[in-house]
Amino acid sequence: MNRKKAPAASLKQSFKARHMTMIALGGSIGTGLFLASGTAIASAGPGGALIAYAAVGLMVYFLMTSLGELATYLPDSGSFSTYASRFVSPAFGFAVGWNFWYNWAVTIAAELAAATVIIKFWFPDSPSFLWSLLFLAIMFGLNILSAKGYGESEYWFAIIKVATVIVFLIIGVMMIFGILGGEAVGFSNFSLGDGPVHGGFFALVGVFMAAGFSFQGTELIGVAAGESENPRKHVPKAIRQVFWRILIFYIFAIFVIGMLIPYTHPSLLQSGVDNIGVSPFTLVFEKAGLAFAASVMNAVILSSVLSAGNSGMYASTRVLYAMAKQGMAPKWLSRLNSRGVPVAALIVTSAVGMLAFLASFFGDGVVYVWLLNASGMCGFINWLAIAVSHYRFRKAYVAQGKDLKDLPFRARWFPFGPIFAFLLCLMAIIGQGNFSGEIDWLTIIATYVSIPLFLSIWFGYRLMKKSRIVPLDECDLSTDAKS
């Protein structure tokens with residue numbers, strides 16, 4: 001009696017339109033907005049912060065439209081690694097894939113370390129080890145269930161963040177016009193001191209870097225496209241909302257903070273994961289007479305941190321799985337369970353997240369800074385890879401005689417968009433060290449260590465495999481996803 005061979009397990013296309021929209025939306029709203037925005041305004045003034053965030057927002061818009069064109073044409077959970085391999089070179093794709101995995105795997109640990117600091121707002125004497133273990137278990141549980149488990153959790157995390165920002169904006173506008181919290185403030189804080197731009201060029205560059213970190217996460221839509229029910233419909237819809245999302249949730253929020261809180265306010269410079277009481281959102285809520293603001297914002301920021309860790313676990317697991325399928329990682333990492341979850345890749349990624357447990361031995365804030373410095377540069381490298389891959393894809397598409405009208409989604413302003421994004425990313429990478437004033441070489445090394453690591457992986461693979469840049473007329477433009 002012949003038995004039919006069971007079909008091979010595969011990733012499940014389970015993300016609906018609402019999941020894709022909220023994954024894209026939630027990816028850009030986090031501690032960068034709730035905490036770093038205060039430091040940005042204190043460093044460069046309200047006008048300087050607006051200029052820096054607007055410039056980075058424009059860059060991210062072009063990057064996301066580039067990614068949208070790639071992800072709708074070839075939805076693949078390998079995303080950046082797959083595109084870089086096909087349209088640039090296998091060696092470049094290998095380096096990009098491992099860079100992306102490392103970036104988000106370490107981010108899990110960084111966010112867990114941050115969560116233990118935040119939770120001590122309520123439980124100051126509790127052990128960090130137990131909180132790290134609990135939060136890691138929650139993230140692992142949400143990801144081991146199914147892709148839909150991640151999608152649903154991220155949907156609700158995003159709802160909390162979006163609701164908080166909307167309430168903040170409504171209350172802030174009412175305060176600006178004097179409807180709530182006293183007299184109308186007008187533009188007095190914008191003209192304070194040497195405002196609206198304060199601190200000179202290097203302060204502006206520093207805020208530009210902070211804004212770049214704040215927006216990292218929007219690119220996760222490219223990974224999620226591989227498990228979307230209808231990527232050619234859902235991805236463009238999510239991408240098109242990027243510009244308005246950035247305008248409303250970042251630019252408008254920073255404008256409101258700058259209007260209501262003087263950039264000379266001493267608490268703005270103290271904003272951090274270990275001092276939620278001086279988040280600029282908290283300051284505005286307290287100014288409006290909402291005494292419970294610190295506790296509410298602490299809960300929201302905790303949900304943001306867990307959301308970032310949850311997203312990092314999902315994205316790094318999928319990219320590691322896709323690389324294993326392509327022969328760029330050990331084959332056993334490509335194993336899927338019956339629910340289409342790459343369990344082996346998830347376990348390995350979670351093991352890296354366990355680095356957060358070091359927080360209980362070396363001090364929470366110290367470990368958080370170490371981990372953040374280790375992964376921060378990687379995000380800009382990923383963005384560079386998107387810009388280069390899209391530029392090469394479009395050139396190859398035309399070189400092979402294909403009609404641009406057949407693309408399911410076409411990025412506007414080509415080639416200006418990817419070139420502009422590439423140059424701004426390069427400027428951000430070069431300016432990371434901020435060489436003004438006294439130079440801290442340990443910080444410089446921690447900041448730039450990702451670049452030689454990336455280059456050594458890239459050129460090492462190139463030498464070992466005799467890899468070369470793929471000629472435009474040989475780029476693989478087939479639409480069969482490898483996931």
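## Buried or exposed?

A residue is called buried when its relative accessible area is under 20%, exposed when that value is over 50%, and partly exposed in between, using a 1.4 Å probe and protein chains only. Trp-413 counts as exposed because its relative accessibility is 60%.

Before going on, a word on where the numbers come from. This is a predicted model, so local features need pLDDT of at least 70, side-chain atom pairs count only at pLDDT 80 or more, and totals for chains, interfaces and linings use all residues. Residues are numbered from 1 along each chain as its sequence is written, and side-chain values use heavy atoms, leaving out hydrogens and water.

## The whole chain

If you scroll through the protein chain, you'll find 18 helices and zero strands. Helices (H or I, at least four residues) and strands (E, at least two) are DSSP runs, numbered from the N terminus. The chain has 483 residues, and 57% of them count as buried.

Now for contacts, meaning heavy atoms within 4.5 Å. Take the contacts in the protein chain with a separation of 6 or more: 82% of them are between residues 24 or more positions apart. Disulfides (pairs of cysteine sulfur atoms within 2.5 Å) number zero in the whole structure. As for single cysteines, Cys-378 is buried, with a relative accessible area of 1%, and Cys-425 is buried too, at 0%.

## Inside: the core

A nonpolar core is a set of buried Ala, Val, Leu, Ile, Met, Phe, Trp, Tyr and Cys residues joined through side-chain atoms within 4.5 Å. The largest one here has 139 residues, and the members touching the most others are Tyr-53, Met-59, Leu-63, Phe-168, Phe-281 and Trp-383. Helix H2 (residues 31–73) gives this core its largest share, 21 residues.

What does Phe-281 touch, leaving aside its neighbours within four places in sequence? Its contacts are Leu-33, Phe-34, Val-165, Phe-168, Ala-253, Ile-257 and Met-297.

Have a look at helix H3 (residues 80–87) as well: eight of its eight residues are buried. Among them are Ser-81, Thr-82 and Arg-86.

## Ile-381 and its contacts

Ile-381 is found in helix H15, and it is buried, with a relative accessible area of 8%. Not counting residues up to four places away in sequence, Ile-381 touches Asn-99, Ile-429, Ser-450 and Phe-454. Ile-381 and Ile-429 are 48 residues apart in sequence, yet 8.2 Å apart in space, C-alpha to C-alpha.

## Out on the surface

The accessible surface of the protein chain comes to about 19500 Å², with 68% belonging to carbon and sulfur atoms. Such areas come from the Shrake-Rupley method with a 1.4 Å probe, and for residues only the protein chains shown count as cover.

Phe-243, Trp-244, Leu-247, Ile-248 and Phe-252 make a nonpolar surface patch of about 460 Å². Ile-248 lies in helix H10 (residues 242–260) and is partly exposed, with a relative accessible area of 39%. Patch residues have over 30% relative accessible area and no salt bridge; like charges are joined within 9 Å, and nonpolar side chains (Val, Leu, Ile, Met, Phe, Trp, Tyr) within 5 Å. A salt bridge is a side-chain nitrogen of Lys or Arg within 4 Å of a carboxyl oxygen of Asp or Glu.

## Backbone oddities

Back to Trp-413, in the loop between H15 and H16. Trp-413 has a positive phi of about 65° although it is not a glycine. Pro-415 lies in the loop between helix H15 (364–399) and helix H16 (416–430), and a cis peptide bond joins Phe-414 to Pro-415, with omega at about 5°.

Lys-466 is not a glycine, but its phi is positive, about 55°. Lys-466 lies in the segment after helix H18 (450–465) and is exposed, at 69% relative accessibility.
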